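I sat down with this one and a cup of coffee, and here are my notes. Follow along in the viewer if you like.

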Amino acid sequence: MEKVMRLATEKGVVIFTKSSCCLCYAVNFLFQEIGVYPVIHEIDKDPEGKEMENAIKRLGCNAPVPAVFIGGKLVGSTNEVMSLHLRGSLVPLLRPHRV
């Protein structure tokens, strides 16, 4: 869990993904459309990926990827991000991190 938390706080917006995950791509694309370019960590390409996936689940993410962190805090996965966006709450949350 230590590695996940360290990586999650290295930039304002961090997404843990898997290279073959279409929902991960969609969330990343959404953020880019908003003007935010998150740091992406593909856990399937990390030697500690399985441990990272388990740590993300222990943090309370209902799906291990995409796991979105904003300002070092776990926002959640696709459902949580899209719900925030549809309610109009995602853009204000991301505003400090826009390019």
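**Entry 1: one helix, two sides.** A reminder to myself: this is a predicted model. I began with helix H4, residues 78–87, and looked up the face turned away from its buried side. That face carries the exposed residues Asn79, Leu86 and Arg87. I then listed the buried residues of H4 and got Thr78, Val81 and Leu84. They span an arc of only 135 degrees around the axis, which puts them on the same side of H4.

**Entry 2: what lies over that side.** Next I asked what covers the buried residues of H4. The cover includes two helices, H2 (22–34) and H5 (90–94), along with strands S3 (67–70) and S4 (73–76). I also checked the stretch just after H4, where Gly88 takes a positive phi of about 80 degrees.

**Entry 3: strand S3.** Since S3 turned up in the cover of H4, I went through its residues. Ala67 and Phe69 point one way from the strand, while Val68 and Ile70 point the other way. Are these four buried or exposed? I found that all of them are buried.

**Entry 4: the partners of S3.** I looked up how S3 pairs. With strand S1 (residues 13–17) the pairing is antiparallel, over four bridges, and Val13 stands opposite Ile70. S3 and S4 run antiparallel too, joined by three bridges; here Phe69 faces Leu74 of S4. The hairpin of S3 and S4 has two residues between the strands, and Gly71 in that hairpin takes a positive phi near 60 degrees.

**Entry 5: stepping back.** How many helices and strands does the protein have? I counted five helices and four strands. Along the sequence they come in the pattern α-β-α-β-α-β-β-α-α.

**Entry 6: overall dimensions.** I wanted to know how the radius of gyration compares with that of a compact globule. For 99 residues, such a globule would come out near 13 Å, and the protein has 12 Å, which agrees. Along the principal axes, the C-alpha atoms fill a box of roughly 35 × 25 × 20 Å.

**Entry 7: inside and outside.** Buried residues account for 43% of the 99 residues. I looked at contacts with a separation of 6 or more as well: 62% of them are between residues 24 or more positions apart. My last look-up was the accessible surface, which comes to about 5500 Å², with 53% of it belonging to carbon and sulfur atoms.

Terms used
Residues are numbered from 1 along each chain as its sequence is written. This is a predicted model: local features need pLDDT of at least 70, side-chain atom pairs count only at pLDDT 80 or more; totals for chains, interfaces and linings use all residues. Side-chain values use heavy atoms; hydrogens and water are left out. Buried means under 20% relative accessible area, exposed over 50%, partly exposed in between (1.4 Å probe, protein chains only). The arc is that of the directions from the helix axis to the C-beta atoms. Contact means heavy atoms within 4.5 Å. Two strands pair if DSSP finds at least two bridges between them. The radius of gyration is taken over C-alpha atoms; the globule rule is 2.2 Å times the number of residues to the power 0.38. Accessible areas come from the Shrake-Rupley method with a 1.4 Å probe; for residues, only the protein chains shown count as cover.
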